[in-house]
Amino acid sequence: MSPDATSLTVSAYARLRSDILACRLPAGGKLKIQDLAQHLTVSPSVVREALSRLSAEALVIAEPQRGFRVAPINAADVSDLTAIRIDIELKCMHRAMKLGGLKWEAAIVAADHELSHTPHDIHDLGDDWMIAHAKFHAALVAACDSPWLLRIRDQLFVQGERYRRINVRMSRADRDLRAEHSALAQAILGRDAKLATDLMTEHLRLTEVLTLQSLKLQDAAVA
């Protein structure tokens with residue numbers, strides 16, 4: 001693949017990935033290569049390569065003889081993902097708390113500050129907030145010494161962010177995301193393993209509950 005083609009593929013991949021994570025391309029929806037190529041002003045082969053990369057991330061499903069579609073979302077998958085994500089997130093977090101030094105602590109403080117000062121609406125978090133949110137959670141576990149754990153954790157986090165976009169419609173007015181994240185950061189910086197474990201678990205479980213409620217609303221609307 002030529003450098004120009006590679007650049008176009010990377011750009012198409014990034015745009016499609018962003019649209020999937022933001023649910024602008026709906027879960028389970030058919031991805032028509034010709035339509036996407038026209039929308040992105042690239043060739044069908046570039047779109048096909050970008051979709052293949054997204055398939056490797058489990059964001060797109062490749063169906064033999066039928067093409068591509070956005071990976072579906074269902075209640076069983078949400079609960080399964082949450083359970084595994086909690087397990088992996090806690091493993092990474094505990095190792096980071098054991099090994100992290102001053103630079104790691106400073107990065108958490110900076111990420112918490114950025115996230116807490118990034119404007120958002122509880123019912124429309126926005127792309128800037130989602131980016132700051134990803135940086136914050138990555139900072140919490142950055143001192144983990146297992147590249148494999150971190151890679152698995154990153155993949156699970158991406159899937160979780162797609163669910164977060166779905167559950168914003170069910171977000172409670174009394175859910176203070178800023179307070180949740182700051183409390184989590186302080187517990188980790190204070191090396192309070194039990195409190196950090198409880199807060200991280202509660203944080204992820206609440207997102208699961210809201211996502212499942214949103215899926216029920218969608219099912220009811222279709223019915």
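How do the residues of the lining of the second largest cavity divide into nonpolar, polar and charged? The count comes to three nonpolar, three polar and two charged residues, where Ala, Val, Leu, Ile, Met, Phe, Trp, Tyr, Cys and Pro count as nonpolar, Asp, Glu, Lys and Arg as charged, and the others, Gly among them, as polar. The structure is a predicted model, in which local features need pLDDT of at least 70 and side-chain atom pairs count only at pLDDT 80 or more, while totals for chains, interfaces and linings use all residues. Residues are numbered from 1 along each chain as its sequence is written, and side-chain values use heavy atoms, with hydrogens and water left out.

The enclosed spaces make a good starting point. Rolling a probe the size of a water molecule over the atoms shows where empty space is left. Here a cavity is a set of points, on a 1 Å grid over the protein atoms alone, where a 1.4 Å probe fits but cannot get out; a pocket is an open set with protein on both sides within 12 Å along at least five of seven lines; and lining residues have an atom within 4 Å of a point. Grid points are joined across faces, edges and corners, and a volume is the space filled by probe spheres set on the points. Searching the whole structure in this way gives three cavities of 30 Å³ or more.

The second largest cavity, with a volume of about 40 Å³, has a lining made up of Asp112, Leu115, Ser116, His120, Trp129, Leu177, Arg178 and His181. Helices α5 (102-116) and α8 (177-189) each give at least two residues to this lining; helices (H or I, at least four residues) and strands (E, at least two) are DSSP runs, numbered from the N terminus. Two of the lining residues, Leu115 and His181, also appear among the contacts of His133, a residue of helix α6 (127-141). Contact means heavy atoms within 4.5 Å, and, leaving aside residues up to four places away in sequence, His133 touches Leu115, Phe157, Glu161, Arg164, His181 and His203. The side chains of His133 and His181 are joined by a polar contact of 3.2 Å, that is, a pair of N or O atoms within 3.5 Å, of which, within protein, one must be able to donate a hydrogen and the other to accept it, residues adjacent in sequence counting only if both atoms are side-chain atoms. His133 is buried, at 0% relative accessibility; the classes are buried under 20% relative accessible area, exposed over 50% and partly exposed in between (1.4 Å probe, protein chains only).

The largest cavity holds about 100 Å³ of space. Its lining consists of Val78, Leu81, Thr82, Arg85, Gly160, Tyr163, Leu204, Thr207, Glu208 and Thr211, with at least two residues from each of α4 (75-99), α7 (147-167) and α9 (193-222). By class, these are four nonpolar, four polar and two charged residues.

Arg85 leads on to the salt bridges, of which the structure holds 13. Side chains of opposite charge can pair when their charged atoms come close; the criterion is a side-chain nitrogen of Lys or Arg within 4 Å of a carboxyl oxygen of Asp or Glu. Arg85 and Glu89 form one such bridge, at 3.8 Å from N to O, and both residues are buried. The two lie four residues apart in helix α4, about one helical turn. Asp87 and Lys91, also four residues apart in helix α4, form a salt bridge with the closest N and O atoms 2.8 Å apart. Asp87 is partly exposed at 38% relative accessible area, and Lys91 is partly exposed at 39%. Salt bridges with shared partners link Arg85, Glu89, Arg153 and Asp154 into one network.

Another salt bridge joins the side chains of Arg17 and Glu57, at 3.1 Å from N to O. Arg17 lies in helix α1 (3-21) and Glu57 in the loop between α3 (44-56) and β2 (60-63), so the pair ties together parts that are 40 residues apart in sequence. Arg17 is partly exposed, at 22% relative accessibility.

Arg17 also belongs to the lining of the largest pocket, along with residues including Ser18, Met130, Phe157 and Glu161. This pocket has a volume of about 320 Å³, and α1, α6 and α7 each give two or more residues to its lining. The lining divides into seven nonpolar, one polar and four charged residues.
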